[in-house]
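Work through the exercises below with the sequence and the structure open. Each task is followed by a solution in steps.

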Amino acid sequence: MRRQARSAGRLRMVFQVCVACIPGLAGIPNAQANTASVRFACLSLRFHQGSEPFDLFKLDLSSLPAGINGELFPIFQAAPYTHAAVLRLTDTTFFEEVPGNLLLELPLADGDTNGIPDFFQVEMSVQATSPGTYAIQGYGSGAVEARWSRAAGSAVGTCVLDFKMNAFQSLAVFTHSFELWEYRGTIRYETAASNVWFSLEAERTGSAPARWEGHGSLVRAPSEPQNHLVLLPGSWTNQTGEAWSFSTNHLFRMEHSPETYAAFFEFADGDPSTTEPDYFTWAWSVYDANDADQDGIPDLSDDPAALQPSLRLWIRRPGNALEIGVEGPAGARCRLLTTTHLAGGPWAEVLAVTLTNSTQLLLRQAPDEASRFWRVLLQ
C-alpha cells in the first residue's frame, strides 16, 4: 500500500509510506516459503541371508511368492504380530530348498512422539527381544525368538532368529544382518486458499549416500482442515533419476505434539531396484515450528486468511509536528527508512521496532523545508 501526503502552506514535506514483504522472513504466506523438517522410515526391514553355527543351512526372508528380496514386511490386524516374511530354508549339503513362513512382533514404542517408532529411527539404538511363530515345510512349526541389536547412528543391525522345537530345544539358530531405510530432510512450502505446495529434499541417514527430491501438493481436508492434510499423487526422484511414485497419502496433526504431523506413507514401489514392487509401507513425519499468528496451529495447516496480518498505516499532523504510526498485530516488527531522493535513494534506516500495541506511533518530528520520503517495511 502506498500513500502520499503533502503538508499545507509553505511546507513541502512529502511522505511516502509503503508496506513490503522481505523475502526469506517467515510468517507472511504467499510471499515466501516456510521450511519444515520431514523424515520417512520404511516399516519393512531388509534381511540379508542368515547362517547357523554349523553352516549346514542358510535362511532367506522375502515378501515375494517366488524370488528373494530380503523383506520382513509389516502386517495389520494380526495382533500381536506386526511383521511377516516368506522363508526359504536351504540345505547346503544336498542343495535342497524348502518354503516356510514367519510372524514376528516388533517393538513399536514411539518414545520421542514424532509418529515414527523408535525401532526404525537410525539415531536410536536397539537392544530388544521379541516373540514370533514359524512354520517350515518338513521341519514343523513352533515359537521363534528374535534378538535384536543395533548401535545408535548405524542403519545396520543384527537379528538372531531362534526357531524353537519346544521349550528346551531349538531347531536352528540363524544370525542375520538387517538394514533400516530412513530419509531425513526438509520441505519448503507455500500456502494458498486450500492447497499447500512444497518442494522436498531428503537424504538417507546412516548408510550409503542416497537422496530424494521433488515437489508435491497438500490439500486441507474439508472435515478437519487444520488437522488433516491430503497429499495428492505424484513422484520424487532419487540420486540416479529413478522415480518413486505414490498415490494419495495423508498427514494428521498429533494431539500430544501439535507441531508434528504423521501417518503411514505408501509408495507404488519402495525399492525400484528389485524385480517386483515391494517395500511399500513407510511412516512419515513432518515437524513445523512456524506459527505466524501464534494460535498453536502450525502454518502448514492453518487457515491462510488467519495468517495475513491486518495492517493500517497512518500519517497525521498534530499542531506543528508530523507523525507516522501503524495499526497492526502486536509482535510484528517494523523498520522505518527515509530518503531525500525517491528515484535513486539511498534509503537510510531511522528505527526498527517491535509493535507492542495494536496502534503505535513510530515517529514524531517537526517538518523541515526539504522534500523527504519515508518507507515502512513490515517484516
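**Exercise 1: Cysteines and disulfides**

Cysteine 42 has a relative accessibility of 2% and counts as buried (buried is under 20% relative accessible area, exposed over 50%, partly exposed in between, with a 1.4 Å probe and protein chains only). The model is predicted, so local features need pLDDT of at least 70 and side-chain atom pairs count only at pLDDT 80 or more, while totals for chains, interfaces and linings use all residues. Residues are numbered from 1 along each chain as its sequence is written, and side-chain values use heavy atoms, with hydrogens and water left out.

Task: Is cysteine 159 buried or exposed, and how many disulfides does the structure hold?

Solution.
- Step 1. Cysteine 159 is at 0% relative accessibility, and therefore it is buried.
- Step 2. A disulfide is counted where a pair of cysteine sulfur atoms lies within 2.5 Å.
- Step 3. By that criterion the structure has zero disulfides.

**Exercise 2: The chain as a whole**

Task: State how many helices and strands the chain has, and give its buried share.

Solution.
- Step 1. Helices (H or I, at least four residues) and strands (E, at least two) are DSSP runs, numbered from the N terminus.
- Step 2. The chain contains one helix and 28 strands.
- Step 3. Of the 379 residues in the chain, 45% are buried.
- Step 4. For contacts (heavy atoms within 4.5 Å) between residues at least 6 apart in sequence, 55% join residues at least 24 apart.
- Step 5. The accessible surface of the chain is about 18100 Å², and carbon and sulfur atoms account for 53% of it. Accessible areas come from the Shrake-Rupley method with a 1.4 Å probe; for residues, only the protein chains shown count as cover.

**Exercise 3: Pairing around strand 6**

Task: In which sense does strand 6 pair with strand 5, and how many bridges join strand 6 to strand 8?

Solution.
- Step 1. Two strands pair if DSSP finds at least two bridges between them.
- Step 2. Strand 5 (residues 50–51) and strand 6 (residues 57–62) are antiparallel and share two bridges. In this pairing, serine 51 is opposite lysine 58.
- Step 3. The two strands, 5 and 6, make a hairpin with five residues between them.
- Step 4. Strand 6 also runs antiparallel to strand 8 (residues 83–91), joined to it by six bridges. Here serine 62 faces valine 86.

**Exercise 4: Backbone exceptions**

Task: Which peptide bond is cis, and where does threonine 113, with its positive phi, lie?

Solution.
- Step 1. Most residues other than glycine have a negative phi, and most peptide bonds are trans.
- Step 2. The bond from alanine 79 to proline 80 is cis, with omega near 10°. Proline 80 sits in the loop between strand 7 (71–74) and strand 8.
- Step 3. Aspartate 55 is not a glycine, yet its phi is positive, about 60°. Aspartate 55 belongs to the loop between strand 5 and strand 6 and is partly exposed, at 42% relative accessible area.
- Step 4. Threonine 113 has a positive phi near 50°. Its loop connects strand 9 (96–104) and strand 10 (126–136), and threonine 113 is partly exposed at 30%.

**Exercise 5: The surroundings of glutamine 365**

Task: Which residues does glutamine 365 contact, leaving aside its neighbours within four places in sequence?

Solution.
- Step 1. Glutamine 365 is part of strand 27 (residues 359–365) and is partly exposed, with a relative accessible area of 27%.
- Step 2. With those neighbours left aside, glutamine 365 is in contact with Ala321, Leu322 and Trp374.
- Step 3. Arginine 317 is 48 residues from glutamine 365 in sequence, with a C-alpha to C-alpha distance of 9.7 Å.
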